[in-house]
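User: I've got a model open on my screen and I'd like to talk it through. Can you take me around it, one question at a time?

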Amino acid sequence: MLQSLQIVFHGINRSPAVEAAITKEVEGLQRFDNRLGPCKVTVTQEGHQTVGAFNVRIDLVASGQDIIVNRANMDVMAAVNEAFDSVRRQVKEEADKRRNH
């Protein structure tokens, strides 16, 4: 069970759609590891608002391992999706290692 989820926005306004997408992605990770630790997702826009790439950083503990991923894209939802694709692969790998030992 996920211990905690923190979503932080820097340089951009809070977005309910982005928060919902992040929450859904994190809940989906629990299929692979039902003992997820704390998760912090930081969404930042480089430069001034409406100009610059969005950066998504995910800090997560899965199977006792720290997983940190950064992804940037001009589209905030694409950055979120790319970051969670990477995290999902890593969570699966850690869960597989745990099951095989």
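Analyst: Sure, what follows is a set of questions and answers on this predicted model.

User: Let's begin with the sheet: in what order do its strands run?

Analyst: It's an open sheet with mixed pairing. Neighbouring strands in it are turned by 10° against each other on average, if you ignore direction. There are four strands, and the order is β1-β2-β3-β4.

User: Which strands stand at the edges?

Analyst: Look for strands with a single partner, because those have one side left without a neighbour in the sheet. That picks out residues 5-10 and residues 65-73, which are β1 and β4.

User: How many bridges link β3 and β4?

Analyst: β3 covers residues 54-62, and its pairing with β4 is antiparallel. One of the bridge pairs puts I58 opposite V69 of β4. For the two strands, the count of bridges is nine.

User: Which strands does α2 touch?

Analyst: Both helices come into the picture here. α1 lies across β1, β2 and β3, running at about 145° to β1. α2 packs on the sheet too, and its direction makes about 155° with that of β4. The strands α2 touches are β2, β3 and β4.

User: How do α1 and α2 run relative to each other, roughly parallel or roughly antiparallel?

Analyst: α1 spans residues 16-29 and α2 spans residues 76-100, and their axes sit 11 Å apart. The angle between them is about 10°. Angles under 35 degrees count as roughly parallel. The two helices are therefore roughly parallel.

User: How many nonpolar residues are in the contact of α1 with α2?

Analyst: On the α1 side you'll find A17, V18, A21, I22, E25, V26 and L29. α2 brings V76, M77, V80, N81, F84, V87, R88 and V91. By class, one residue is polar and two are charged, while the number of nonpolar ones is 12.

User: Which residues are joined into one salt-bridge network?

Analyst: The structure holds four salt bridges. In one of them the side chains of E25 and R88 meet at 2.5 Å, N to O. E25 is in α1 and R88 in α2, so this pair ties together parts that are 63 residues apart in sequence. Salt bridges with shared partners make one network out of E25, D85 and R88.

User: What is the N to O distance between R14 and E19?

Analyst: E19 counts as partly exposed, at 21% relative accessibility. Its side chain meets that of R14 in a salt bridge, and the distance is 2.2 Å.

User: And which residue does R57 meet in a salt bridge?

Analyst: R57 is partly exposed too, with a relative accessible area of 31%. Its salt bridge comes in at 2.9 Å, N to O, and the partner is D59.

User: Is T42 buried or exposed?

Analyst: T42 is found in strand β2. Leaving out residues up to four places away in sequence, T42 touches V8, H10, N55, V56 and R57. Its relative accessible area is 12%, and under 20% means buried. T42 is therefore buried.

User: Last one: which residues does S86 touch, not counting residues up to four places away in sequence?

Analyst: S86 has its place in helix α2. At 6% relative accessibility, S86 counts as buried. With that sequence neighbourhood set aside, the residues S86 touches are V69 and R71.

Conventions
Residues are numbered from 1 along each chain as its sequence is written. This is a predicted model: local features need pLDDT of at least 70, side-chain atom pairs count only at pLDDT 80 or more; totals for chains, interfaces and linings use all residues. Side-chain values use heavy atoms; hydrogens and water are left out. Axes are lines fitted to C-alpha atoms, for helices over the stretch in contact, and angles run from 0 to 180 degrees between N-to-C directions. Angles under 35 degrees count as roughly parallel, over 145 as roughly antiparallel, 65 to 115 as roughly perpendicular and the rest as oblique. Contact means heavy atoms within 4.5 Å. Ala, Val, Leu, Ile, Met, Phe, Trp, Tyr, Cys and Pro count as nonpolar, Asp, Glu, Lys and Arg as charged, and the others, Gly among them, as polar. Buried means under 20% relative accessible area, exposed over 50%, partly exposed in between (1.4 Å probe, protein chains only). Two strands pair if DSSP finds at least two bridges between them.
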